[in-house]
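Thanks, everyone. Let's put the structure up and walk through it.

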Amino acid sequence: MSTTELMLRTGLEGRVKRTLQTYFRRPNDVLIKESLGANGLSPEQVEITVKLLNEDKTVAEIMEYLHDKGYFA
């Protein structure tokens with residue numbers, strides 16, 4: 001495993017991505033909100049992310065949106 005892969009797994013971006021992937025296996029809005037908040041997203045960012053999930057966006061589309069908005073900067 002490369003250093004970049006390791007950092008992605010332990011960084012905010014990796015934690016958010018894993019949380020979003022989990023949502024598709026077991027959808028639960030309350031749990032996803034708590035998990036995203038615990039991972040480091042602000043309440044506003046959590047609400048926007050959950051809204052995107054409810055619009056049937058894929059994990060890749062959501063992660064791209066979050067990147068574009070600078071959530072992981």
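How many helices and how many strands does the secondary structure of the protein come to? Five helices and zero strands. Along the sequence, the pattern reads α-α-α-α-α. Please keep in mind that this is a predicted model. The protein has 73 residues, and 29% of them count as buried.

Next, contacts along the chain. Take the contacts with a separation of 6 or more. Residues 24 or more positions apart account for 45% of those.

Now the core. The largest nonpolar core holds 16 residues. Which of them touch the most other members? Val16, Leu20, Leu36, Met63 and Leu66 do. Four helices each supply at least two residues of this core: H2 (12-25), H3 (29-39), H4 (43-54) and H5 (59-68). As general background, nonpolar side chains in soluble globular proteins tend to be buried together.

Let me stay with one of those core residues, Leu20. Leu20 lies in helix H2. Is Leu20 buried or exposed? Leu20 counts as buried, because its relative accessibility is 0% and the cut-off is under 20%. What does Leu20 touch, leaving aside neighbours within four places in sequence? Its contacts are Ile32, Thr49, Leu53, Val59, Ile62 and Met63. Ile32 is on the H3 side of the H2 and H3 contact. Thr49 and Leu53 are in H4, and Ile62 is in H5. One distance to note here: Leu20 and Thr58 are 38 residues apart along the chain, and their C-alpha atoms are separated by 9.0 Å.

Val59 is one of the Leu20 contacts, so to speak of it next is natural. Val59 is found in helix H5. Val59 is also buried, at 14% relative accessibility. Again leaving aside neighbours within four places, Val59 is in contact with Lys17, Leu20, Gln21 and Phe24. Val59 and Thr19 are 40 residues apart in sequence. In space, C-alpha to C-alpha, Val59 and Thr19 are 9.7 Å apart.

On to helix packing. At what angle do H2 and H3 pack? The angle is about 175°, and the axes are 10 Å apart. That makes H2 roughly antiparallel to H3, because the angle is over 145 degrees. On the H2 side, the contact is made by Leu12, Arg15, Val16, Thr19, Leu20 and Tyr23. On the H3 side, it is made by Asp29, Ile32, Ser35, Leu36 and Asn39. Val16, Leu20 and Leu36 come back here from the core list.

The second pair is H4 and H5. These two helices pack at about 150°, with their axes 10 Å apart. H4 and H5 are therefore roughly antiparallel to each other. Which hand does the crossing of H4 and H5 have? It is right-handed. H4 brings Ile48, Thr49, Leu52 and Leu53 to meet H5. H5 answers with Ile62, Tyr65 and Leu66.

Last, the aromatics. The count comes to one aromatic pair. The partners are Tyr23 and Phe24, and the pair is edge-to-face. The ring centres are 5.8 Å apart, with 85° between the planes. How do the two partners sit? Tyr23 is buried, with a relative accessible area of 11%. Phe24 is partly exposed, at 45%. We have met both already: Tyr23 takes part in the H2 and H3 contact, and Phe24 is in contact with Val59.

That's the tour. Over to you for discussion.

Note on methods:
Residues numbered from 1 in each chain as written. Predicted model: local features only at pLDDT ≥ 70, side-chain atom pairs only at ≥ 80, totals over all residues. Heavy atoms only, no water. Phe/Tyr/Trp six-rings, centres within 6.5 Å; stacked < 30°, edge-to-face > 60°. Buried < 20%, exposed > 50% of the residue type's maximum accessible area, 1.4 Å probe, protein only. Core = buried A, V, L, I, M, F, W, Y, C linked by side-chain atoms within 4.5 Å. Contact = heavy atoms within 4.5 Å. Axes fitted to C-alpha atoms, helices over the stretch in contact; angles between N-to-C directions. Parallel < 35°, antiparallel > 145°, perpendicular 65-115°, else oblique. Left-handed = near helix turned anticlockwise from the far one by under 90°.
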